[in-house]
Amino acid sequence: MQKVRPKKALGQHFLVDLSIAERIADTLQGYVGSPVLEVGPGMGVLTEFLLAKGHDLRVVELDGESVDYLERNFPQLDGRIIADDFLRLDLGSIYDGRFCIIGNYPYNISSQIFFKVLDYRDRVVCCSGMLQKEVAERITAKPGSKTYGILSVLLQAWYDCEYLFTVSEHVFNPPPKVKSGVIRLTRNAVTTLGCDEAKFKTVVKTAFGQRRKTLRNSLKSLIGDATIAADPIFNRRPEQLSVDDFVNLTNLIFGQV
């Protein structure tokens with residue numbers, strides 16, 4: 001059986017340990033019957049388990065060689081292989097209602113993938129999979145952690161984020177230079193942040209843009225010389241603030257919605 005050549009430009013590292021693939025597929029065990037979109041299936045090591053577990057599966061794959069391989073070896077995916085770039089895809093044209101996303105995500109675009117998930121947060125009820133351990137830890141980090149940052153706050157505002165397990169670099173072809181982490185994001189009950197969302201993002205990104213400084217200094221461009229700068233919250237650094245703290249900070253700077 002002809003295999004697909006891993007392509008460095010696409011960040012491809014093919015998982016070869018079937019037990020790990022099954023554990024990743026099991027992260028969606030509570031969503032059997034729900035539509036699932038797999039990102040970057042490659043040679044289908046995860047795809048095989050998702051199909052076996054009864055998921056209503058579609059896959060999106062940019063690499064033409066992988067698409068050909070999937071068409072030859074997974075006839076049950078007939079009409080369900082989307083040969084496109086996930087980051088450019090209009091997910092609303094594929095799914096009318098809610099769905100899940102899963103994948104062994106390419107390291108070079110993993111953060112962009114999760115920012116795209118945020119754009120469809122009212123439809124993506126669960127997003128799980130494997131990515132670079134450093135990014136996985138960043139997404140799931142709690143306030144006070146050195147890895148807690150922009151991605152942590154923006155995703156945790158809308159999702160419950162879990163770090164599930166670590167994967168060795170030695171179970172891939174070719175082996176990456178770093179370990180991987182498997183995470184799961186489950187949509188929480190939040191329907192509105194309680195502040196202007198665009199301004200919330202501005203506050204979070206501006207604060208972490210100079211994360212070693214106190215908020216009084218890092219947010220100077222937003223607060224100017226306003227009297228609110230005397231508030232004790234501005235003595236803190238961004239990694240010390242929870243999502244709710246950032247909501248309150250946004251309202252303090254810009255006023256209530």
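## The sheet

In this predicted model, β6 and strand β9 (residues 180–187) pair in the antiparallel sense over seven bridges. One such position is Cys 126, whose bridge partner in β9 is Thr 186. The wider sheet is open and has seven strands. Their order is β4-β3-β2-β5-β6-β9-β7, and the pairing is mixed. The edges are β4 (81–82) and β7 (159–167). Each of these edge strands pairs on one side only.

Helix α4 packs on the sheet. The strands that α4 touches are β2 (35–39), β5 (99–104), β6, β7 and β9. The direction of α4 makes about 175° with that of β6.

## Ser 128 in β6

Is Ser 128 buried or exposed? Ser 128 has a relative accessible area of 0%, so this residue is buried. Its place is in strand β6.

Leaving out residues up to four places away in sequence, Ser 128 touches eight residues by name: Thr 27, Leu 28, Ile 101, Ile 102, Gly 103, Tyr 105, Ile 183 and Arg 184.

## Nonpolar cores

The largest nonpolar core holds 54 residues. Which of them touch the most other members? They are Ile 101, Phe 114, Ile 139, Phe 200, Phe 246 and Leu 249. Another core lies apart from this one and has 29 residues. Among its members are Ile 20, Ala 25, Leu 50 and Phe 165.

Ile 139 shows what surrounds one of those core residues. Beyond its neighbours up to four places away in sequence, Ile 139 touches Phe 114, Leu 131, Leu 151, Ser 152 and Leu 155. Its contacts also include Gln 156, Cys 161, Ile 183 and Leu 185.

## Salt bridges

How many salt bridges does the whole structure contain? A search finds twelve. One of them joins Arg 121 to Glu 197, with the closest N and O atoms 2.8 Å apart. This pair links distant parts of the chain, 76 residues apart. Arg 121 sits in the loop between α4 (110–119) and β6 (124–132). Glu 197 belongs to helix α7 (residues 197–209). Arg 121 is buried, at 16% relative accessible area. Glu 197 is partly exposed, at 25%.

Glu 197 also meets Lys 201 in a salt bridge (3.9 Å, N to O). Glu 197 and Lys 201 are four residues apart in helix α7, so about one helical turn separates them. Lys 201 is partly exposed, with a relative accessible area of 31%. A network of salt bridges with shared partners joins Glu 22, Asp 26 and Lys 53.

Helix α5 (residues 133–140) holds a pair with this spacing too: Lys 133 and Glu 137 are four residues apart, or about one helical turn. An α-helix has 3.6 residues a turn, so residues three or four places apart point the same way. The closest N and O atoms of Lys 133 and Glu 137 are 2.5 Å apart, and the two form a salt bridge. Lys 133 is partly exposed at 23% relative accessibility. Glu 137 is partly exposed as well, at 29%.

## Helix α10

Why does the length of α10 agree with expectation? At 1.5 Å a residue, the twelve residues of α10 (residues 243–254) should span 16 Å. The end C-alpha atoms are 17 Å apart, which agrees. After the helix comes Gly 255, whose phi is positive, near 90°.

Which residues of α10 are buried? They are Val 243, Phe 246, Val 247, Leu 249, Thr 250, Asn 251 and Ile 253. These buried residues pack against α6 (150–156), α7, α8 (215–218) and α9. Phe 246 and Leu 249 also appear among the residues that touch the most other members of the largest nonpolar core.

## Leu 222 in α9

Leu 222 lies in helix α9 (residues 220–223). Its relative accessible area is 25%, so Leu 222 is partly exposed. Which residues does Leu 222 touch, not counting those up to four places away in sequence? The contacts are Thr 202, Val 203, Thr 206, Ile 253 and Phe 254. Of these, Ile 253 is one of the buried residues of α10.

Gln 240 is 18 residues from Leu 222 along the chain. The C-alpha atoms of Leu 222 and Gln 240 are separated by 19 Å.

Methods: Residues are numbered from 1 along each chain as its sequence is written. This is a predicted model: local features need pLDDT of at least 70, side-chain atom pairs count only at pLDDT 80 or more; totals for chains, interfaces and linings use all residues. Side-chain values use heavy atoms; hydrogens and water are left out. Helices (H or I, at least four residues) and strands (E, at least two) are DSSP runs, numbered from the N terminus. Buried means under 20% relative accessible area, exposed over 50%, partly exposed in between (1.4 Å probe, protein chains only). Contact means heavy atoms within 4.5 Å. A salt bridge is a side-chain nitrogen of Lys or Arg within 4 Å of a carboxyl oxygen of Asp or Glu. The expected span of a helix is 1.5 Å times one less than its number of residues. Two strands pair if DSSP finds at least two bridges between them. Axes are lines fitted to C-alpha atoms, for helices over the stretch in contact, and angles run from 0 to 180 degrees between N-to-C directions. A nonpolar core is a set of buried Ala, Val, Leu, Ile, Met, Phe, Trp, Tyr and Cys residues joined through side-chain atoms within 4.5 Å.
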